[in-house]
Amino acid sequence: MLTITANADKQIKEILANESSKYVRAFVEGGGCSGFSYGFNFEENLGDDDATFSNDDVALVVDSLSYQYL
């Protein structure tokens with residue numbers, strides 16, 4: 001389970017206020033010799049394997065592969 005802290009909640013709300021997206025997606029990508037790369041982007045739709053973590057009106061989305069590494 002992932003937890004959205006109060007500071008993260010505030011930042012996500014500020015970011016989404018300027019976007020037309022519903023969700024913020026956290027993801028992990030292979031980075032070769034330097035390990036994994038972690039990132040965020042905006043998402044309008046959910047995938048079949050997505051997990052959603054919410055705190056009030058803020059939703060963070062993570063796909064099943066990335067979830068294993070977060």
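This text follows strand S4 and its partners in a predicted model, and then turns to a patch on the surface.

Strand S4 spans residues 58-63, and 6 of its 6 residues are buried, so the strand is largely enclosed by the rest of the structure. In a regular strand the side chains alternate between the two faces of the sheet. In S4, Val58, Leu60 and Val62 lie on one side, while Ala59, Val61 and Asp63 lie on the other. Both of these faces are covered, and Asp63 is buried along with the nonpolar residues named here.

Two strands pair with S4. Strand S1, residues 23-30, runs parallel to S4 and is joined to it by 3 bridges. Within this pairing, Val24 has Leu60 of S4 as its bridge partner. Strand S3, residues 50-55, runs antiparallel to S4, and 6 bridges join the two. Here Asn55 stands opposite Val58 of S4. S3 and S4 together form a hairpin with 2 residues between the strands. One feature of the turn is Asp56, which has a positive phi of about 60 degrees.

The surface offers a contrasting setting. Helix H2 covers residues 64-67 and contains Leu65. This leucine counts as exposed because its relative accessibility is 52%, and the cut-off for that class is over 50%. Leu65 also contributes to a nonpolar surface patch of about 530 Å², which is made together with Phe36, Tyr38, Tyr69 and Leu70. Thus the residues of S4 are buried, whereas Leu65 in H2 is exposed.

Terms used
Residues numbered from 1 in each chain as written. Predicted model: local features only at pLDDT ≥ 70, side-chain atom pairs only at ≥ 80, totals over all residues. Heavy atoms only, no water. Patch = residues over 30% accessible without salt bridge, like charges linked within 9 Å, V, L, I, M, F, W, Y side chains within 5 Å. Areas by Shrake-Rupley, 256 points an atom, 1.4 Å probe, with all protein chains shown as cover. Salt bridge = Lys/Arg side-chain N within 4 Å of Asp/Glu carboxyl O. Helix = DSSP H or I, 4+ residues; strand = E, 2+ residues; numbered from the N terminus. Buried < 20%, exposed > 50% of the residue type's maximum accessible area, 1.4 Å probe, protein only. Pairing = 2+ DSSP bridges.
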